[in-house]
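Please look over the sequence and the structure shown here before reading on. The paragraphs that follow take up one residue, then a core, and then the confidence of the prediction.

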Amino acid sequence: MKKSVLFILTLLPIFSFAQSQLEEEKKAIAATVQLYFEGMIERDAGKLEEAFLPDARLIGYRGDQLFVTPFEDWKAGTAKGSPRNPNDFKNELKNIKIVGEMALAETELFWPGIYYYDYLTLLKIEGKWKIVHKSWWERSLEK
């Protein structure tokens, strides 16, 4: 019994350290997702570039039509125009799952008239989390 207790006490710092590392990674991923959110609202190409890998792809449905868009094309369209009013938008990071140097972030975005569901695949590249793929689906709220 005494050995079991000592063994468990020895493992506690290891588990605590691992949990702390996981939380730090989640914070870094959340920061990347926040850059994505801010880049869209502010129409800031620099923030979008910081969040995405240049070779990323965005794939999703608008109605019944499938769109496959290279990041550079999407960024150019998203960064056009004046910044949007952030009070008109609600973007939420719902969940993060990490496996090694890969992560999946689930987001929900409420925009005027449209609700978007995004799954963002991220990879840790040269120490930074980057969005490498975005799968999305939109639901129109206007009837």
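A residue is called buried when its relative accessible area is under 20%, and exposed when that area is over 50%. In this predicted model, Ile 41 has a relative accessible area of 9% and is therefore buried. Ile 41 belongs to helix H1, and, leaving aside its neighbours within four places in sequence, Ile 41 is in contact with Pro 83, Arg 84, Pro 86, Phe 89, Asn 91 and Trp 111. One of these residues, Pro 86, lies 45 residues from Ile 41 along the chain, yet the C-alpha atoms of the two are separated by 6.3 Å.

From this single residue the view can widen to the largest nonpolar core, which has 26 residues, and in which Tyr 36, Met 40, Phe 52, Trp 74 and Leu 122 touch the most other members. Two or more residues of this core come from each of helix H1 (2–42), helix H2 (45–51), strand S1 (52–62), helix H3 (71–78), strand S4 (102–111), strand S5 (114–125) and strand S6 (128–140), and H1 gives the most, with seven residues. Leu 122, again without counting neighbours within four places in sequence, is in contact with Ile 29, Thr 32, Glu 101, Met 102, Ala 103, Ala 105, Trp 129, Lys 130, Ile 131 and Val 132.

How confident is the prediction? The mean pLDDT of the protein chain is 89, and 85% of its residues reach 70 or more. Among the elements of the chain, H2 has the highest mean pLDDT, 98, whereas H1 has the lowest, 78. Where pLDDT is low, the predicted coordinates should not be read in detail.

Methods
Residues numbered from 1 in each chain as written. Predicted model: local features only at pLDDT ≥ 70, side-chain atom pairs only at ≥ 80, totals over all residues. Heavy atoms only, no water. Core = buried A, V, L, I, M, F, W, Y, C linked by side-chain atoms within 4.5 Å. Buried < 20%, exposed > 50% of the residue type's maximum accessible area, 1.4 Å probe, protein only. Helix = DSSP H or I, 4+ residues; strand = E, 2+ residues; numbered from the N terminus. Contact = heavy atoms within 4.5 Å. pLDDT = per-residue confidence, 0-100.
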